[in-house]
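Below are some points for a colleague who is meeting this structure for the first time. They are meant to be read with the sequence and the model side by side.

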Amino acid sequence: MVQSYKKKHQLAASYDTIIIGSGIGSLTAAVMLAKKGQKVLVLERHYTAGGFTHIFKRKGYEWDVGIHYVGSMEKETSILKKIFDYLTDGALKWADMGAVYDRIVIGDQTYDYVKGVGNWTEQMIAYFPEEEQAIRAYVALIFKVSATSKNFFVEKTLSPLWSKLVGGFLRKPYLKYSRQTTHEVLSSLTQNKRLIKVLTGQYGDYGLAPKQSSFAMHASLVRHYFSGGFFPIGGSSQIVATIAPVLARLGSTILISAEVEEVLVEKNTAVGVRMKDGKVFRAKHIISNAGLFTTYKSLLPKASVQQHQLDLQLKKVKHSVAHACLYIGLDGNPDELALPKANYWIYPEQLSHDECIDRYLKDQTQPFPVVYISFPAAKDPDWSNRYPGKSTIDIITLIPYETFAQWDGKRWKKRGEAYEALKETFAQRLLEILYQKEPQLKGKVAYYELSSALSTKHFVNYEKGELYGLEHSPERFEQKFLRPKTPIKNFYLTGQDITTAGIGGAAFAGLLTASTITGKNIAKELME
């Protein structure tokens with residue numbers, strides 16, 4: 001599909017809404033506002049749109065940067081499926097990853113996460129027959145907590161008055177669980193450390209180990225994947241490629257290589273943006289999807305930040321974890337190479353997840369605390385039509401920003417030999433882990449490239465190259481300021497910082513922001 005947003009545009013001087021950043025939160029809000037009759041301008045500083053949904057190409061290969069799999073796409077009644085059908089007019093299609101979507105590997109043992117909550121439950125009981133009661137209690141609790149999340153997030157769209165009147169009532173059931181760590185809740189169900197390690201085997205999907213993470217975040221993630229994993233047919237570039245024509249048809253625009261210098265605020269009202277090149281666009285509403293830290297530190301006038309003490313809000317939240325990703329290109333198609341569709345989550349045999357992280361952060365020559373391997377070429381049924389005789393793999397692990405901090409500020413691709421040598425050390429270790437799991441791939445790797453937290457910072461403009469915006473700790477869910485509406489009139493937030501991590505959380509944030517601006521219950525409209 002032609003990337004219609006890359007052509008020349010007729011730009012207006014003013015819009016109904018301007019959105020900073022083109023991640024899925026922005027695109028969701030943009031389409032929803034445009035379908036309500038608004039003229040929307042989406043501004044993206046990067047040369048391609050989509051945020052973590054974008055792809056890059058190198059040496060005749062293509063890699064998805066942030067979308068490795070998505071849950072809750074199995075039936076038409078799923079709110080996330082309805083959102084994507086609405087955004088793309090039904091043009092975006094999803095491939096089912098099959099019976100097994102995640103493989104939790106601990107030492108020499110593998111535990112399959114199988115599709116369907118009944119199947120998943122029975123499979124876990126087969127692995128841990130003596131823990132049947134705990135496993136059934138755990139699954140029931142996942143559903144119970146997920147059910148309380150609806151009102152918690154709906155409260156974020158209420159006016160200050162309504163929030164004061166009923167906000168506490170709507171938030172309370174969810175807060176009961178969000179205030180507990182994942183480890184606290186699981187330890188109340190079972191003392192089996194291996195079972196706890198297996199049940200938290202997807203913690204990398206929200207980036208915080210069990211003793212640090214909020215159980216509410218864990219529950220929503222696990223619930224999200226119970227019905228299996230799905231991948232966009234044609235790769236994650238299809239997300240923007242199917243949304244952009246809808247926006248264009250509605251008279252709205254995505255502008256790339258368009259960096260915002262500052263949000264213009266007059267008399268405590270956001271009225272427009274000034275671009276890096278000095279050009280000014282004005283609008284009735286301004287939305288930032290640049291993340292809380294970037295928005296408050298770089299985009300808003302200092303006077304506005306001080307007036308509302310927004311800098312104090314930043315002291316109440318923390319950056320999420322940084323990572324490195326090894327992008328691999330292989331000779332041979334996915335079938336020839338016998339690539340699986342299921343992801344690997346690989347962990348050391350000894351110690352809990354938290355202990356593995358602590359050990360590694362003290363000494364990075366110790367085993368990686370988590371290694372995630374994804375096989376996008378195998379997940380996408382259209383892959384071999386586009387790239388015959390080739391395949392790709394992504395391997396992700398925890399490498400903190402501080403490991404590469406001394407090269408921050410140096411130009412991308414020009415950070416010097418010591419930087420490249422350090423990256424190569426990590427790359428070789430990750431390749432070794434891949435060959436242990438899939439030995440047939442030895443000798444088939446034609447190209448590989450490691451991206452660090454500095455690459456993420458360069459492309460996504462997150463301060464410390466963090467993957468999931470704000471850390472998903474119990475404290476995060478206490479902060480009532482993580483909502484679309486800000487104290488600056490007509491200035492709004494969207495994206496994963498106001499909801500939760502991942503494409504589902506960010507898309508839902510776009511829906512909440514559009515609902516807040518229009519005063520319409522868009523979720524209800526979609527479900528009807």
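1. In this predicted model, a useful place to begin is residues 12-34, where the unreviewed UniProt entry places the feature "transmembrane region". Over that stretch the chain is 48% helix and 30% strand, and the C-alpha atoms at its two ends are 15 Å apart. The annotation comes from the UniProt record, whereas the helix and strand content is computed from the model.

2. Strand S1, at residues 14-20, runs parallel to strand S12, at residues 280-288, and 6 bridges join them; within this pairing, Tyr15 stands opposite Ala283 in S12. Strand S12 also pairs with S11, here in the antiparallel sense and over 3 bridges, with Val273 opposite Phe281 in S12. The hairpin of S11 and S12 has 4 residues between the strands, and Gly278 takes a positive phi near 95° there. A further 3 bridges join S12 to strand S18 (residues 491-493), which runs parallel to S12, and Ile286 faces Phe491 of S18 in that pairing.

3. Some residues deserve a look for their backbone angles, given that most residues other than glycine have a negative phi. Lys267, in the loop between strand S10 (260-266) and strand S11 (269-275), has a positive phi near 50°. Is Lys267 buried or exposed? With a relative accessible area of 85%, Lys267 is exposed, because that value lies over 50%. Ala338, which sits in the loop between S13 and strand S14 (343-347), likewise has a positive phi, of about 55°. Lys59 takes a positive phi near 55° in the hairpin of S3 and S4, which has 2 residues between the strands. That hairpin is built from strand S3 (residues 55-58) and strand S4 (residues 61-64), paired antiparallel over 4 bridges, and Lys57 stands opposite Glu62 in S4.

4. An open sheet of 7 strands can be followed in the order S7-S6-S14-S15-S16-S13-S17, and its pairing is mixed. Strand S7 (109-114) and strand S17 (445-451) are its edge strands, each pairing on one side only. Neighbouring strands of the sheet are turned by 15° against each other on average, direction ignored. Inside this order, strand S13 (residues 323-331) and strand S16 (residues 390-398) run antiparallel and are joined by 9 bridges, with Cys325 placed opposite Ile396 in S16.

5. How are the buried residues of helix H6 arranged around its axis? In this helix, which covers residues 182-189, Thr182, Val185 and Leu186 are buried. Seen down the axis of H6, the buried residues fall within an arc of 95°, so they line one face of the helix. The elements that cover them include helix H4 (132-154), helix H7 (193-199) and helix H8 (215-225).

6. Helix H13 (residues 353-362) can be examined in the same manner, with His353, Asp354, Cys356, Ile357 and Tyr360 buried. These residues cover an arc of only 160° around the axis, which puts them on the same side of H13. They pack against H7, S14, S16 and helix H17 (417-437).

7. Leu80 belongs to helix H2 (residues 79-88), and it counts as buried because its relative accessibility is 7%, under the 20% cut-off. What is Leu80 in contact with, leaving aside its neighbours within four places in sequence? The contacts are Val70, Gly71, Ser72, Met73, His224, Gly504 and Ala507. Of these, His224 lies 144 residues away along the chain, and its C-alpha atom is separated from that of Leu80 by 9.7 Å.

8. A search of the whole structure finds 29 aromatic pairs. In one of them, the rings of Tyr111 and Tyr127 have their centres 5.1 Å apart and their planes at 80°, so this pair is edge-to-face. The pair links distant parts of the chain, since Tyr111 is in strand S7 and Tyr127, 16 residues apart from it, is in helix H3 (residues 117-127). Tyr111 counts as buried at 4% relative accessibility, whereas Tyr127 counts as partly exposed at 27%. Ring pairs also link Tyr69, Tyr101, Tyr113, Trp120, Tyr138, Phe143, Tyr225, Phe226, Trp345 and Tyr372 into a cluster.

Technical notes: Residues are numbered from 1 along each chain as its sequence is written. This is a predicted model: local features need pLDDT of at least 70, side-chain atom pairs count only at pLDDT 80 or more; totals for chains, interfaces and linings use all residues. Side-chain values use heavy atoms; hydrogens and water are left out. Two strands pair if DSSP finds at least two bridges between them. UniProt positions are given in the numbering used here, feature names are shortened, and annotations may be inferred rather than shown by experiment. Buried means under 20% relative accessible area, exposed over 50%, partly exposed in between (1.4 Å probe, protein chains only). Contact means heavy atoms within 4.5 Å. Axes are lines fitted to C-alpha atoms, for helices over the stretch in contact, and angles run from 0 to 180 degrees between N-to-C directions. The arc is that of the directions from the helix axis to the C-beta atoms. Rings of Phe, Tyr and Trp (its six-membered ring) pair if their centres lie within 6.5 Å; planes under 30 degrees apart count as stacked, over 60 as edge-to-face and the rest as tilted.
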